[in-house]
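This report describes one protein chain for a reader who is new to structural analysis. Please keep the sequence and the three-dimensional view at hand while reading.

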Amino acid sequence: MGMLIIVDQPPYGTWAGREALDMAFSLAAFDQPVTLLFTGTGVNWLRKGQDASAIEQKSVEKNLAAAPVFGIDTILADRMSCQRYGLNATDLPDGVTLTSADAHLLAQYTQTVFSG
């Protein structure tokens, strides 16, 4: 089915998540099927209304909003991680699907990459 890129790092304080997002955009730009899965602290990428000005960074929301432009149509969020970080479906951007990050999901992809 393509590549699953798992973002399991927080949106700020490390570049690992941004590098994973750059990889996803690059692959998608070359018509490679890519799905993004946010899990663990990575689900905080999906939090609406982020204000990163206190740490002098731009919000990652705009980066993530570019995913459909690059051809990434499937963005998944691990349901258990969302619950752990106090996120529900209304806290997530439109188009994000809640799922279970389990072996059944991973088996649907030919390749899997972790950001961390």
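The sections below treat strands, a helix, the nonpolar cores and several single residues of this predicted model.

## Strand S1 and its partners

Strand S1 covers residues 3-7, and five of its five residues are buried. Its side chains alternate in direction: Met-3, Ile-5 and Val-7 point one way, whereas Leu-4 and Ile-6 point the other way. The residues of both groups are buried.

Strand S1 pairs with strand S2 in the parallel sense, and five bridges are found between these two strands. Within this pairing, Ile-6 has Leu-37 of S2 as its bridge partner. Between the two strands the chain passes through helix H1, and the resulting β-α-β crossover is right-handed. Strand S1 also pairs with strand S5, which spans residues 111-114, again in the parallel sense and over four bridges. Here the bridge partner of Met-3 is Gln-111 in S5.

## Helix H1

Helix H1 runs from residue 16 to residue 29 and contains 14 residues. From its first C-alpha to its last it reaches 20 Å, which is close to the 20 Å expected at 1.5 Å a residue.

Which residues of H1 are buried? They are Ala-16, Gly-17, Arg-18, Ala-20, Leu-21, Ala-24, Phe-25 and Ala-28. In an α-helix, residues three or four places apart point the same way, because there are 3.6 residues a turn. The cover over the buried residues of H1 includes strands S1 and S2, together with helix H2 (61-65) and helix H3 (67-70).

## The turn after H1

Asp-31 lies in the loop between H1 and S2. Its phi is near 60°, a positive value in a residue other than glycine. Is Asp-31 buried or exposed? Its relative accessible area is 69%, and this value is over the 50% cut-off, so Asp-31 counts as exposed.

## The nonpolar cores

The largest nonpolar core has 24 residues, and those that touch the most other members are Leu-36, Phe-38, Leu-46, Ile-72 and Ile-75. Two or more residues of this core come from each of S1, H1, S2 and strand S3 (74-78). Helix H1 gives the most, with five residues.

A second, separate core has six residues, among them Leu-37, Leu-76, Leu-105 and Tyr-109. Returning to the largest core, Leu-46 is one of the residues that touch the most other members. Beyond its neighbours within four places in sequence, Leu-46 is in contact with Phe-38, Leu-64, Ile-75, Ala-77, Asp-91, Leu-92, Pro-93 and Val-96.

## Strands S3 and S4

Strand S3 and strand S4 (residues 96-99) run parallel and are joined by four bridges. Across this pairing, Ala-77 stands opposite Leu-98 in S4. Together with helix H4 (residues 79-84), strands S3 and S4 make a right-handed β-α-β unit.

## Two threonines compared

Thr-35 has its place in strand S2, while Thr-41 lies in the loop between S2 and H2. Why does Thr-35 count as buried? Its relative accessible area is 5%, and buried means under 20%, so Thr-35 meets the condition. Thr-41, at 26% relative accessibility, counts as partly exposed.

The side chain of Thr-35 makes a polar contact of 3.3 Å with the side chain of Tyr-109. Neighbours within four places in sequence aside, Thr-35 is in contact with Met-3, Leu-4, Ile-5, Thr-74, Leu-76 and Tyr-109. On the same basis, the contacts of Thr-41 are Asp-8, Gln-9, Pro-10, Pro-11 and Tyr-85. One of these residues, Gln-9, is 32 residues from Thr-41 along the chain, yet the two C-alpha atoms are separated by 5.5 Å.

## Asp-102

Asp-102 is placed in the loop between S4 and helix H5 (103-106). With a relative accessibility of 35%, this residue counts as partly exposed. Along the chain, Asp-102 and Ile-72 are 30 residues apart, and their C-alpha atoms are separated by 21 Å.

How values were computed: Residues numbered from 1 in each chain as written. Predicted model: local features only at pLDDT ≥ 70, side-chain atom pairs only at ≥ 80, totals over all residues. Heavy atoms only, no water. Expected span 1.5 Å × (residues − 1). Buried < 20%, exposed > 50% of the residue type's maximum accessible area, 1.4 Å probe, protein only. Contact = heavy atoms within 4.5 Å. Polar contact = N/O pair within 3.5 Å; in protein donor to acceptor, adjacent residues only side chain to side chain. Core = buried A, V, L, I, M, F, W, Y, C linked by side-chain atoms within 4.5 Å. Pairing = 2+ DSSP bridges. Right-handed = clockwise from strand over helix to strand, strands pointing away.
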